[in-house]
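Good morning, colleagues. Please have the sequence and the structure in view while I speak. I shall discuss charged pairs and then the packing of two helices.

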Amino acid sequence: MSNSIIYYAVLAVVVVALVYVLFNFLKVKKMSEGTDDMVEMAGIIRSGAATFLKSEFKIIVIVDIVLAVVFSLFIEATSGLTFLLGGLMSSLVCIIGMRSATYANVRTANKARETMNIGETVKAALCGGSVSGFAVQGFGLLGLILILIIGGVDPHATGSGIITGFPCNPTIMRITTYSLGCSIVAMFNRVAGGNYTKAADISSDILAKIRHDMPEDDSRVPNVIADFIGDNVNDIAGNCSDLLESFVATIAASIMIAVALFVGGNAGISDEMFNRMILFPVILAGVGLIGCLVGLTFASLRKMGDDPSMELNLATWISAGLTVILGLVACYMVFGQGGFVIPAMKLGWISPWVSSILGIASGIAIGSITEYYTSDKYAPTKKLAEMATEGEAFVITKGDAIGSRSCLYPILLIGVSLLISGSICGTYGIAISALGMLSFVGATVSIDAFGPIADNAGGLAESCHLDPKVRVITDKLDSVGNTTAAIGKGFAIGSAAFAAVSLIVAYVGNYTARGEEPMLNMASFIVVAGGLIGGALIEFFSAMLTDNTIDAAKIMADEGDKMLSIPGVLEGTVKPDYNKMIAMAANEALKKMVVPSLLSILIPVVGGLLFGVQFVGGLLIGATITAIPRALFMGNSGGAFDNAKKYIESGALQGHGKGTAAHKAAVTGDTVGDTRKDVVGVALDIFIKSMSTVANTLASLFITISLIK
């Protein structure tokens with residue numbers, strides 16, 4: 001089996017996916033934008049989002065170039081280039097995804113206006129979302145395939161930086177620095193994007209609903225347009241780079257573990273078996289992309305009914321189902337012919353496929369659990385809405401309980417999947433299980449991106465004073481979009497847990513000497529100290545992001561109040577200065593993104609150079625164990641707060657509609673939840689993955705020059 005032929009075959013699938021991205025992007029652009037007001041508002045949103053990304057990328061480019069030079073000079077000569085390639089792929093996904101979303105939002109609103117048909121409106125939003133989804137899987141796989149085609153995988157190769165002579169494996173360095181390049185962009189996007197969108201959202205809610213009793217997306221509120229822009233900056237650009245990074249990290253971990261097992265010499269792996277272990281994750285990612293293409297194409301061609309949830313779930317199930325079937329065929333082709341198995345594969349050639357199934361099943365199950373705890377269709381969110389009649393304290397307390405309760409089952413699923421995967425397929429199985437969850441990420445991101453597009457469409461319908469019937473349609477899409485967004489966050493956190501564990505396993509293998517059993521001594525005081533510090537750093541990181549966001553929201557709310565006091569603004573005869581608020585949101589976000597983003601790089605570097613590889617191993621485990629339940633709590637409690645508010649606004653709680661005391665209590669809960677779900681929760685998963693990727697990249701350096709060996 002020739003590796004090159006397989007790589008080129010997967011590359012062909014990637015090209016088809018990217019052509020699909022271009023086709024849908026052009027399809028969205030051809031749709032009508034609607035009325036003059038809609039065109040004007042959409043132009044402001046698009047321009048503001050593009051301006052923010054340009055300002056952000058000016059900082060990211062400087063950081064990336066500095067780090068690339070450091071990697072090439074001191075780590076491995078070509079690793080700087082692969083690091084930049086990772087940054088480029090992640091950046092392209094952000095730009096394309098956000099550009100598509102800012103075209104699709106107004107066109108979705110206009111499709112509702114023209115057709116008054118939910119099915120046609122869903123198709124418009126999903127078409128825009130699919131650009132993001134396929135860009136994530138296509139570009140992430142494209143960069144990795146290029147590295148494998150050009151550089152190959154040589155487990156015995158040695159290399160060093162241009163200046164220093166620290167020995168390393170160039171294959172590992174190229175793959176980990178590519179993953180790290182993706183990770184850095186994701187971290188900056190999540191931190192800056194989260195601050196931008198939630199500062200604008202919270203300040204807008206405070207002004208409209210608390211201080212002035214105005215509709216949520218009223219165009220008189222100066223902060224509204226910045227809020228619309230923020231949805232695209234964080235929920236599109238941030239989410240795209242986040243899941244691209246997870247997707248790439250799991251493939252990288254699979255390859256690194258295969259190299260470590262082969263070089264270690266204890267696993268009984270032949271040269272041919274090693275090649276097949278390298279090929280399988282690449283093929284699995286490729287067949288997953290095929291499954292997504294079929295699933296989303298079916299959804300776009302099918303005549304949709306009035307239940308958007310059913311249509312979106314169908315696309316997910318088709319994508320996942322085809323990935324399962326094609327994954328089995330791929331597993332048989334790779335491991336089922338010629339008797340190429342190793343002792344760790346307890347079920348024979350089918351073991352890696354079973355591991356991937358566990359990951360896929362876990363991803364779908366975590367999404368369903370998230371939906372139960374956050375959707376207003378189910379008891380937890382309904383009960384939370386009912387608590388709003390008792391005041392803010394009851395809302396916050398009940399929301400916290402929902403968030404805490406929601407952590408157990410997803411973590412049980414992750415733990416059981418890891419246990420079974422490791423038992424039947426060793427450490428390689430853990431990485432494949434992680435990849436299985438992300439193998440159809442194109443579909444999950446497409447459906448997740450549906451949420452902010454629908455949200456923006458509803459906001460535009462309100463701010464542009466469209467027929468109330470249009471808002472009824474967009475509100476239904478928005479409600480579904482809130483659920484898909486919450487499911488997407490749960491999926492992102494679950495995939496981060498799998499990815500982080502596989503990266504930790506790969507890290508231990510990377511620093512283990514040839515012939516020795518990979519081991520991290522959990523009884524060592526060094527490892528325990530690292531674990532304690534890692535857990536504490538997660539809390540510190542969470543507090544830093546929360547403080548930054550709420551400080552920015554206060555500044556923006558006060559400035560918005562000043563604008564509303566200008567004669568004519570509240571009356572609707574004078575437009576507020578939207579651009580000033582947009583610039584304020586951007587400046588606050590960019591000012592406060594660098595320090596939190598760089599922490600994920602500096603912490604493992606400083607820890608490794610001072611206290612060695614075992615300390616960093618403990619650091620990664622402590623951070624991961626603390627971050628996963630914390631992220632689930634933040635995401636699910638925030639989602640429940642948001643949908644409880646919307647449940648009241650829909651009139652479902654009789655006698656307690658908009659403007660009532662119960663509604664204002666629910667708005668308070670939503671304000672608390674905004675920072676949790678869209679700032680802290682979504683940044684924690686990247687934080688732990690970034691630290692793990694940095695540790696893998698620098699493991700050989702820590703062994704050579706750390707103060708404690």
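**Salt bridges and a helix pair**

Let me begin with a salt bridge between the side chains of Asp 558 and Lys 554, whose N to O distance is 2.6 Å. I should state at once that this is a predicted model. How far apart are Asp 558 and Lys 554 in helix α15? The two are four residues apart in that helix, and therefore about one helical turn separates them. As to accessibility, Asp 558 is partly exposed, with a relative accessible area of 29%. Lys 554 is likewise counted as partly exposed, at 48% relative accessibility.

In general, side chains of opposite charge can pair when their charged atoms come close. In this model the count comes to 25 salt bridges. Several of them share partners, and in this way Lys 198, Asp 201, Asp 642, Lys 645, Lys 646, Asp 670, Asp 674, Lys 677 and Asp 678 are joined into one network.

Two further pairs deserve mention. Arg 471 forms a salt bridge with Glu 462, with 3.2 Å between the closest N and O atoms. Are these partners buried or exposed? Arg 471 is buried, its relative accessible area being 15%, whereas Glu 462 is partly exposed, at 28%. The other pair is Lys 592 with Glu 588, where the closest N and O atoms are 3.2 Å apart. In this case both Lys 592 and Glu 588 are buried.

Glu 588 brings me to the helix pair, for this residue of α16 is among those that take part in the contact with α15. Two packed helices are described by the angle between their axes and the distance between the axes. Helix α15 comprises residues 525-564 and helix α16 residues 578-591; their axes come within 10 Å and cross at roughly 165°. Angles over 145 degrees count as roughly antiparallel, and α15 and α16 are therefore roughly antiparallel to each other. The crossing of these two helices is right-handed.

Which residues meet at this contact? From α15 come Ala 552, Ile 555, Met 556, Glu 559, Gly 560 and Met 563. From α16 come Lys 580, Met 581, Met 584, Ala 585 and Glu 588. Sorted by class, the contact has seven nonpolar residues, one polar residue and three charged residues.

To close, I would ask you to keep two items in view: the network that includes Lys 198 and Asp 678, and the right-handed crossing of α15 and α16. Thank you for your attention.

Note on methods:
Residues numbered from 1 in each chain as written. Predicted model: local features only at pLDDT ≥ 70, side-chain atom pairs only at ≥ 80, totals over all residues. Heavy atoms only, no water. Axes fitted to C-alpha atoms, helices over the stretch in contact; angles between N-to-C directions. Parallel < 35°, antiparallel > 145°, perpendicular 65-115°, else oblique. Left-handed = near helix turned anticlockwise from the far one by under 90°. Contact = heavy atoms within 4.5 Å. Nonpolar A, V, L, I, M, F, W, Y, C, P; charged D, E, K, R; others polar. Salt bridge = Lys/Arg side-chain N within 4 Å of Asp/Glu carboxyl O. Buried < 20%, exposed > 50% of the residue type's maximum accessible area, 1.4 Å probe, protein only.
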